[in-house]
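Please open the structure in your viewer, and keep the sequence panel beside it. This tour suggests what to select at each stop and then says what is there.

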Amino acid sequence: MSNDQSIKKGAELLTQGATMLNESCPICHSPLFKLKNGDVICPVHGKVYLVKSDEEEKKVKKDIVLSSTEDELINNLNYLLKKLRDSPEDSDVMMQIIRYLDAIERLRRILGTSQQH
Ligand SMILES: [Zn+2]
């Protein structure tokens with residue numbers, strides 16, 4: 001994409017309510033834009049994850065892993081709850097549900113502390 005096109009795209013983003021950031025794209029050095037939903041966009045490369053250091057990159061990866069783990073746990077919990085509905089007396093299912101709830105609680109504690117600045 002030529003420089004003119006990236007400027008045009010940038011102007012387009014601004015009209016959509018995006019704000020221009022002081023940071024530039026690590027790949028093409030175009031100015032970056034922040035969308036209303038918090039996504040950071042390079043007019044040339046699309047969505048970029050802004051990481052200032054290796055430390056921060058690790059944290060971003062960790063957050064992604066932890067939140068996908070949470071999704072997985074909740075999916076399994078949902079499945080177990082359906083099972084429990086079919087056989088409310090099944091104490092094995094009940095124990096599994098408790099274990100999942102415990103895991104989710106722990107995970108949320110980790111997520112909570114990692115999001116504090
Ligand atoms: Zn770029």
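Of the 117 residues of the protein, 22% count as buried, and this value, like every other on the tour, comes from a predicted model. With the whole chain displayed, picture a box of roughly 70 × 30 × 20 Å along the principal axes, which the C-alpha atoms fill. The radius of gyration of the protein is 21 Å, whereas a compact globule of 117 residues would have one near 13 Å. If you switch on the surface, its accessible area comes to about 8,700 Å², and 53% of that area belongs to carbon and sulfur atoms.

**Colour by domain**

Next, select residues 3-47 and give them one colour, then select 54-114 and give them another, for these are domain 1 and domain 2 in the domain assignment of the protein. The centres of domain 1 and domain 2, taken over C-alpha atoms, are separated by 36 Å. Contacts can be looked at in terms of sequence as well: among those between residues at least 6 apart in sequence, 31% join residues at least 24 apart.

**Show the cartoon**

Which elements do you meet as you follow the chain from the N terminus on? They run α-β-β-β-β-α-α, and the protein has 3 helices and 4 strands. The strands form an open sheet with the order S1-S2-S3-S4 and antiparallel pairing. In this sheet the edge strands are S1 and S4 (46-47), each of which pairs on one side only.

**Select S1 and S2**

Now select residues 19-24, which are strand S1, together with residues 31-34, which are strand S2; the two run antiparallel and are joined by 3 bridges. To find the pairing in the viewer, look for Met20, whose bridge partner in S2 is Phe33, and for Ser24, whose bridge partner in S2 is Pro31.

Between the strands of this hairpin there are 6 residues, and one of the things to look for is His29, which takes a positive phi near 65°. Most residues other than glycine have a negative phi. His29, however, has a positive phi of about 65° although it is not a glycine. His29 lies in the loop between S1 and S2; is its side buried or exposed? With a relative accessibility of 57%, His29 counts as exposed, because that value is over the 50% cut-off.

Move along to Ser30, which also lies in the loop between S1 and S2. Ser30 is buried, since its relative accessible area is 8%, and the cut-off for buried is under 20%. Which residues does Ser30 touch, if those up to four places away in sequence are not counted? They are Ser6, Ser24, Cys25, Cys42, Pro43 and Val44, so it helps to show these as sticks around Ser30.

**Add S3**

Select residues 40-42 for strand S3, which runs antiparallel to S2 and is joined to S2 by 2 bridges. Phe33, which you have already found as the partner of Met20, stands opposite Ile41 in S3. The hairpin of S2 and S3 has 5 residues between the strands, and there Gly38 takes a positive phi near 95°.

**Look at the cysteines**

Select Cys28 and Cys42 and compare how they are covered. Cys28 counts as partly exposed, at 29% relative accessibility, while Cys42 is buried, with a relative accessible area of 1%. A disulfide is a covalent bond between the sulfur atoms of two cysteines. How many disulfides does a search of the whole structure find? The search finds 0.

**Finish in helix H3**

For the last stop, select residues 91-114, which are helix H3, and within this helix pick out Met94. Met94 is partly exposed, with a relative accessible area of 37%. Then add Leu80, which is 14 residues from Met94 along the chain, and check the distance between their C-alpha atoms, which are separated by 8.3 Å.

Key: Residues are numbered from 1 along each chain as its sequence is written. This is a predicted model: local features need pLDDT of at least 70, side-chain atom pairs count only at pLDDT 80 or more; totals for chains, interfaces and linings use all residues. Side-chain values use heavy atoms; hydrogens and water are left out. Domain bounds come from an automatic or database domain assignment. Two strands pair if DSSP finds at least two bridges between them. The radius of gyration is taken over C-alpha atoms; the globule rule is 2.2 Å times the number of residues to the power 0.38. Buried means under 20% relative accessible area, exposed over 50%, partly exposed in between (1.4 Å probe, protein chains only). Contact means heavy atoms within 4.5 Å. Accessible areas come from the Shrake-Rupley method with a 1.4 Å probe; for residues, only the protein chains shown count as cover. A disulfide is a pair of cysteine sulfur atoms within 2.5 Å.
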